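This briefing walks through a few local features of one protein chain, grouped by topic. Please keep the sequence and the 3D view open while you read.

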Amino acid sequence: MKRIAIDMDDVLAKTTHVIIDRINQLVEKKYSYEELMSGNTSVKEEFYGHYLANNSFLWEPGFFENIPVNEDAVEVVKKLTEHYEVFIVSAATEFPNSLKEKIGWMEQYFPFITWKHIVFCGHKHMIQADYLIDDHEKNLHTFTGTPLLFTAPHNLHIHDFQRVNNWKEVEKLLLD
Ligand SMILES: [Mg+2]
């Protein structure tokens with residue numbers, strides 16, 4: 001059975017959507033996910049400037065508890081578990097409060113994936129699998145299997161990896 005490692009933030013979970021809401025509250029702006037996806041680089045630079053200066057909420061208790069699940073993620077991951085060995089791999093140890101919250105989040109949305117198949121780490125370069133689905137280039141470029149870049153506003157400029165734009169595309173690629 002081939003093994004797939006799947007990232008959480010901005011792959012299973014709509015983390016950037018929640019980050020945008022928090023930044024909008026903090027700096028009194030109205031950034032939107034669609035705007036960041038549109039390729040308007042000046043808006044994007046402005047947003048990520050605010051983000052880098054104001055992202056301490058990532059370390060606060062509760063942040064990772066209430067993040068919406070990505071469209072079609074539950075259905076497609078469920079199907080993947082019937083054909084692959086699926087591990088959820090999250091670089092979560094930077095955010096100590098997130099560990100329990102992420103386990104709870106997985107129990108809520110993906111109860112068919114147990115703690116035995118959830119890996120929390122710092123770096124991901126020791127992860128051995130056939131596929132890694134992740135939104136961050138830093139996690140994909142050291143990966144020894146087939147890296148799949150899951151589209152997010154912060155990776156639109158990356159062209160070094162096969163890209164999947166959504167979970168329907170993952171389904172087509174890995175299950176058809
Ligand atoms: Mg991620």
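**Rings, helices and loops in a predicted model**

Lys 78 lies over the face of Phe 112, at a distance of 5.0 Å from the centre of the ring. Everything described here comes from a predicted model, and the points below take up the aromatic rings, then a contact between two helices, and then some individual residues in loops and at a helix.

**Aromatic rings**

- A search through the whole structure finds 12 aromatic pairs, and two of them are described in the points that follow.
- One of these pairs joins Phe 64 and Phe 95, whose ring centres are 5.7 Å apart and whose planes meet at 45°, so this pair counts as tilted, given that stacked pairs need planes under 30 degrees apart and edge-to-face pairs need over 60.
- Phe 64 belongs to the loop between α3 (41–53) and α4 (73–81), while Phe 95 belongs to the loop between β2 (85–90) and α5 (98–109), and the pair therefore ties together parts that are 31 residues apart in sequence.
- Phe 64 counts as buried because its relative accessibility is 5%, and Phe 95, at 12% relative accessibility, counts as buried too, the cut-off for buried being under 20%.
- Another aromatic pair is formed by Phe 110 and Phe 112, which are edge-to-face, with 5.9 Å from centre to centre and 65° between the planes.
- Within that pair, Phe 110 is buried at 0% relative accessibility, whereas Phe 112, the ring that has Lys 78 over its face, is partly exposed with a relative accessible area of 25%.
- Phe 64 and Phe 95 also belong to one aromatic cluster, which is formed together with Phe 57, Trp 59 and Phe 63.

**Where two helices meet**

- Helix α1, which covers residues 15–27, and helix α3 have axes that come within 10 Å of each other and cross at roughly 80°.
- Because of this crossing angle, α1 is roughly perpendicular to α3, a description that applies to angles from 65 to 115 degrees.
- On the side of α1 the contact is made by Ile 19, Ile 20, Ile 23 and Val 27, and on the side of α3 it is made by Phe 47, His 50 and Tyr 51.
- Sorted by the kind of residue, the contact of α1 with α3 consists of six nonpolar residues and one polar residue, with no charged ones.

**Two aspartates with positive phi**

- Asp 10 has a phi near 65°, which is a positive value in a residue other than glycine, and Asp 10 is located in the loop between β1 (3–6) and α1.
- With a relative accessibility of 11%, Asp 10 counts as buried.
- Asp 72 likewise is not a glycine and yet has a positive phi, of about 65°, and this residue is located in the loop between α3 and α4.
- Asp 72 has a relative accessible area of 31% and is therefore partly exposed.

**Thr 15 and its surroundings**

- Thr 15 is found in helix α1, and this residue is buried, with a relative accessible area of 3%.
- Leaving aside residues up to four places away in sequence, Thr 15 touches Asp 9, Asp 10, Phe 63 and Ile 67; among these neighbours, Asp 10 is the residue with positive phi described above, and Phe 63 is one of the members of the aromatic cluster.
- Thr 15 and Ile 118 are separated by 103 residues in sequence, and their C-alpha atoms are 18 Å apart in space.

Definitions and conventions. Residues numbered from 1 in each chain as written. Predicted model: local features only at pLDDT ≥ 70, side-chain atom pairs only at ≥ 80, totals over all residues. Heavy atoms only, no water. Phe/Tyr/Trp six-rings, centres within 6.5 Å; stacked < 30°, edge-to-face > 60°. Helix = DSSP H or I, 4+ residues; strand = E, 2+ residues; numbered from the N terminus. Buried < 20%, exposed > 50% of the residue type's maximum accessible area, 1.4 Å probe, protein only. Lys NZ or Arg CZ within 6 Å of the ring centre and 35° of its normal. Axes fitted to C-alpha atoms, helices over the stretch in contact; angles between N-to-C directions. Parallel < 35°, antiparallel > 145°, perpendicular 65-115°, else oblique. Contact = heavy atoms within 4.5 Å. Nonpolar A, V, L, I, M, F, W, Y, C, P; charged D, E, K, R; others polar.
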